[in-house]
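User: Please take a close look at one strand in this model. I would like to know what surrounds it, which strands it pairs with, and what lies along the chain from there.

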Amino acid sequence: MTDTLIKVDLSQSAYDNDMIHNRWHPDIPMVAWVEPGDDFIVECVDWTGGQIKNDDDAADVRDVDLTQVHFLSGPIGIKGAEPGDLLVVDFLDIGAFPHNLWGFNGFFSKKNGGGFLTEHFPEAQKSIWDISGMFTKSRHVPGVSFAGLIHPGLIGCLPSKEMLETWNTREAALYNTDPNRVPALATLPYGPTAHMGRMTGDAAEAAAAEGARTVPPREHGGNCDIKDLSRGAKVFFPVYVNGGGLSMGDLHFSQGDGEITFCGAIEMAGWVHLKVGLIKGGMAKYGIRNPIFKPSPITPTYNDYLIFEGISVDEGGKQHYLDVHIAYRQACLNAIEYLKKFGYSGAQAYAILGTAPVQGHISGVVDIPNACATLWLPTEIFEFSVQPGADGPAVFDTRGIDVPLAPDL
Ligand code: ZN
């Protein structure tokens with residue numbers, strides 16, 4: 001019998017569960033202790049803590065309180081773990097709750113979070129994806145279905161005090177180069193909506209004021225949003241505090257490389273079955289600064305792709321120097337324009353790129369002045385042909401269905 005170390009109640013506020021926290025801080029108390037070699041189950045709320053509903057109205061995406069995210073389950077202490085060790089985590093299995101078989105994808109308003117293509121999709125939109133075993137489809141994006149590559153978007157160990165200071169210092173320096181920018185350049189500590197787990201009183205308040213936000217990936221892993229960190233994968237995490245303090249959340253049923261829609265992949269509540277081990281002194285032994293991992297032996301086998309190229313020339317025709325970010329954006333925009341010719345709205349095409357097992361590749365970074373990035377669109381996820389041919393695109397009838405939009409207030 002495998003123990004469920006952390007349970008969540010989806011009808012309860014995440015703030016009322018003291019085995020959940022939403023900031024990174026070395027003093028957050030462990031909620032459970034395990035031995036190396038143990039396996040156990042951890043339940044997680046969705047990353048927003050239930051702010052997004054299963055309905056046809058995107059107002060909740062528009063009005064989301066992003067200072068609350070991400071709600072993480074943990075931290076879990078591993079006996080014997082010390083700074084400098086590697087925590088070995090096997091993802092034995094990951095799934096949705098049988099009583100909650102759905103997830104959401106959305107684009108944030110440009111004024112509240114934005115996204116990779118926020119200049120092109122500045123208003124909040126949302127699609128709901130139904131989960132049927134290992135498959136998913138959406139009532140808002142017809143003609144497409146695929147197998148899930150289920151993964152936690154966010155997992156890592158607690159930072160040390162020194163590491164937390166390093167994060168806060170460097171991120172504040174970036175933020176302060178343009179403090180009025182919308183969306184902001186970085187998410188700085190913010191006490192009022194912090195949930196510090198089992199910390200209480202003055203200590204909790206002080207830690208909340210300096211606790212790192214969970215938004216960016218950092219040295220410990222954290223919010224990496226790597227779709228291949230899926231069930232069956234084995235991850236090696238750096239340890240910075242005694243016990244490690246492993247926390248996780250932001251479960252995704254499926255996601256395209258880049259999580260370009262930001263809200264996000266197919267976001268869901270669910271559970272993770274983990275097994276942990278230790279490599280003593282592993283960080284120095286292997287020269288590890290950021291986590292490394294081995295992928296799952298089981299992944300969806302979509303082998304036929306249409307591959308869209310993008311170069312580092314922006315939408316206005318301006319030349320940029322080897323800018324992979326701009327090149328990938330062009331690859332994504334090229335894929336969206338292509339899918340629109342088959343009957344999809346731009347928003348539906350964007351939602352597909354954010355949710356389906358789309359691959360993103362950095363293809364060239366030396367051929368001055370253009371970087372080349374490619375977006376790999378699996379063609380077998382469509383119920384109709386998206387191949388180019390002499391007769392032009394056979395338009396799929398989406399029956400007037402679209403991704404619900406919430407106009408800005
Ligand atoms: Zn996510």
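Analyst: The answer below goes through one strand, then its partners, then a metal site.

This is a predicted model, in which local features need pLDDT of at least 70 and side-chain atom pairs count only at pLDDT 80 or more, while totals for chains, interfaces and linings use all residues. Residues are numbered from 1 along each chain as its sequence is written, and side-chain values use heavy atoms, with hydrogens and water left out.

The strand is S5, residues 72-78. Strands here are DSSP runs of E with at least two residues, numbered from the N terminus. Seven of the seven residues of S5 are buried, so the strand is largely enclosed by the rest of the structure. Buried means under 20% relative accessible area, against over 50% for exposed and partly exposed in between, with a 1.4 Å probe and protein chains only.

S5 pairs with strands S2, S3 and S15. Two strands pair if DSSP finds at least two bridges between them. S2 (residues 20-21) runs antiparallel to S5 and is joined to it by two bridges; in this pairing isoleucine 20 is opposite serine 73. S3 (residues 32-34) is parallel to S5, with three bridges, and tryptophan 33 has glycine 77 as its bridge partner. With S15 (residues 244-252) the sense is antiparallel, over four bridges. Serine 73 is bridged there to methionine 248. Serine 73 therefore has a partner in S2 and another in S15. As background, in a regular strand the side chains alternate between the two faces of the sheet.

S15 spans residues 244-252, which leads to the zinc ion, whose donors come from Asp250, His252 and Glu267. Donors are N, O and S atoms within 2.8 Å of the metal (3.2 Å for Na, K and Ca); water is not among the atoms, so sites may look incomplete. Asp250 supplies OD, His252 supplies NE2 and Glu267 supplies OE twice, at 2.0 to 2.6 Å. Along the chain the donors follow the spacing D-x1-H-x14-E.

The four donor atoms subtend angles of 53 to 126°, which makes the arrangement irregular. Four donors count as tetrahedral if all angles lie between 85 and 135 degrees; four count as square planar and six as octahedral if opposite donors are over 155 degrees apart and all others between 65 and 115; anything else is irregular.

Aspartate 250 is buried at 1% relative accessible area, and histidine 252 is buried at 0%.
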